[in-house]
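Me: I would like to go through this model step by step, asking about one feature at a time. Please reason briefly and finish each reply on the item asked for.

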Amino acid sequence: MADLAAVMRLQWAAGLSADAGALRAAVVDDDRLVVVAAVDGEVVGWAKTHRYRVADGAARAGHYLGGVTVHPRWRRHGIGTLLTTARMEWLAVRTDRVHYLVNARNGESIALHRRWGFVEVARARSFHGVTFAGGSGVLLSVRPGAPRVPPAPGDEVSAAGSPRSSG
Ligand SMILES: CC(C)(COP(=O)(O)OP(=O)(O)OC[C@H]1O[C@@H](n2cnc3c(N)ncnc32)[C@H](O)[C@@H]1OP(=O)(O)O)[C@@H](O)C(=O)NCCC(=O)NCCS
């Protein structure tokens, strides 16, 4: 995958971990989508989906949004929205329920995803083996194709604690 090295560099630029093997596995998995956003040939954002085969407590088996990163220089330009729209459209013809895991402190991510009407299902220290810096993760879900919710003033204040940039 030509974009793999670019995605790795993007993760590092965002101060996030990068796992080339896991990324390659996602790309070749027909049950998952990996998308990139580029400006003038430079990869400035990427995102993926994940499919869990078995439930983990409140976290059902099924399709999850598996993470989205936008280069720090390119944030608030609608790129995260585009990458999420692409994933939601891809998932809408594959499942009647999309799930999303996020650190309870990640206000920017929660605000971004609110537009699709995600509703909180549960909070826990971990879901599907994913743990969260600070100790609390949120599981949300939505029926894909549900009407988009316009952003409201103060969207970003509903996360617990201050916004942070880890998933
Ligand atoms: C979360 C992230 C992907 C958002 O990407 P982005 O390209 O900046 O998002 P968009 O420009 O499409 O923003 C869409 C909406 O999300 C919300 N949002 C995004 N960043 C925000 C911030 N820093 N503070 C408050 N709201 C924010 C806003 O409602 C925004 O709409 P607006 O710009 O019209 O107000 C980006 O901040 C990022 O890469 N963060 C680090 C990685 C991460 O936390 N990923 C999510 C893991 S679950």
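Me: Which residues of the largest nonpolar core touch the most other members, and which strand gives the most to this core?

Reply: In this predicted model, the largest nonpolar core holds 17 residues, and those touching the most other members are Val98, Tyr100, Leu101, Val102, Phe127, Leu139 and Leu140. Strand 3, helix 3, strand 4 and strand 8 each supply at least two residues of the core. The element that gives the most, with four residues, is strand 4.

Me: How many residues does the second, separate core have?

Reply: Apart from the core just described there is a second, separate one, which includes Leu10, Ala37, Ala47 and Val68. Its number of residues is ten.

Me: Why is strand 4 described as largely enclosed by the rest of the structure?

Reply: Strand 4 covers residues 98-103, and burial here requires 20 or more other C-beta atoms within 10 Å of a residue's own. On one side Val98, Tyr100 and Val102 are buried, and on the other side His99, Leu101 and Asn103 are buried, so that both faces are covered. Strand 4 is therefore largely enclosed, the number of its buried residues being six of six.

Me: Which residues does Val98 touch, not counting those up to four places away in sequence?

Reply: Val98 is one of the buried residues of strand 4, and it also belongs to the group in the largest nonpolar core that touches the most other members. Leaving out residues up to four places away in sequence, the residues that Val98 touches are His63, Leu65, Met88, Leu91, Ser141, Val142 and Pro144.

Me: Which residue of strand 8 stands opposite Tyr100, and which one stands opposite Leu101?

Reply: Strand 4 and strand 8, the latter spanning residues 137-142, run antiparallel and are joined by six bridges. Opposite Leu101 in strand 8 stands Leu139, while the residue opposite Tyr100 is Leu140.

Me: What is the handedness of the crossover from strand 3 through helix 3 to strand 4?

Reply: Strand 3 and strand 4 run parallel and are joined by three bridges, with Tyr100 in strand 4 as the bridge partner of Leu65. Between these two strands the chain passes through helix 3, giving a β-α-β crossover that is right-handed.

Me: In what order do the strands of the open sheet lie, and which strands are at its edges?

Reply: Six strands form the open sheet, with mixed pairing, in the order 1-2-3-4-8-5. The twist from one strand to the next averages 25 degrees. Since an edge strand is taken here as one that pairs on one side only, the edges are strand 1 (34-39) and strand 5 (119-124).

Me: How many residues lie between strand 1 and strand 2 in their hairpin?

Reply: Strand 1 and strand 2, the latter comprising residues 42-52, run antiparallel with six bridges between them, and Val34 has Lys48 in strand 2 as its bridge partner. In the turn of the hairpin, Asp40 has a positive phi of about 50 degrees, and the number of residues between the two strands is two.

Me: Which residue of strand 3 is the bridge partner of Gly45?

Reply: Strand 2 pairs with strand 3, residues 62-70, in the antiparallel sense over seven bridges. In strand 3, the bridge partner of Gly45 is Val70.

Me: Against which elements do the buried residues of helix 4 pack?

Reply: Helix 4 covers residues 107-114, and its buried residues are Gly107, Ser109, Ile110, Leu112 and His113. The elements against which these buried residues pack are helix 3 (79-92), strand 4 and strand 8.

Me: Is Leu82 buried or partly exposed?

Reply: Leu82 is found in helix 3, and it lies 9.9 Å from Val36, C-alpha to C-alpha, although the two are 46 residues apart in sequence. The count of other C-beta atoms within 10 Å of Leu82 is 16, so this residue is partly exposed.

Me: Over which residues does pLDDT stay under 50?

Reply: The mean pLDDT of the chain is 89, and 87% of its residues reach 70 or more. There is nevertheless a stretch where the value stays under 50, for which the model has 35 contacts beyond four places in sequence, and that stretch is residues 155-167.

Definitions and conventions: Residues numbered from 1 in each chain as written. Predicted model: local features only at pLDDT ≥ 70, side-chain atom pairs only at ≥ 80, totals over all residues. Pairing = 2+ DSSP bridges. Axes fitted to C-alpha atoms, helices over the stretch in contact; angles between N-to-C directions. Buried ≥ 20, exposed ≤ 12 C-beta atoms within 10 Å, placed from the backbone. Contact = placed C-beta atoms within 7 Å. Right-handed = clockwise from strand over helix to strand, strands pointing away. Core = buried A, V, L, I, M, F, W, Y, C linked by C-beta atoms within 7 Å. pLDDT = per-residue confidence, 0-100.
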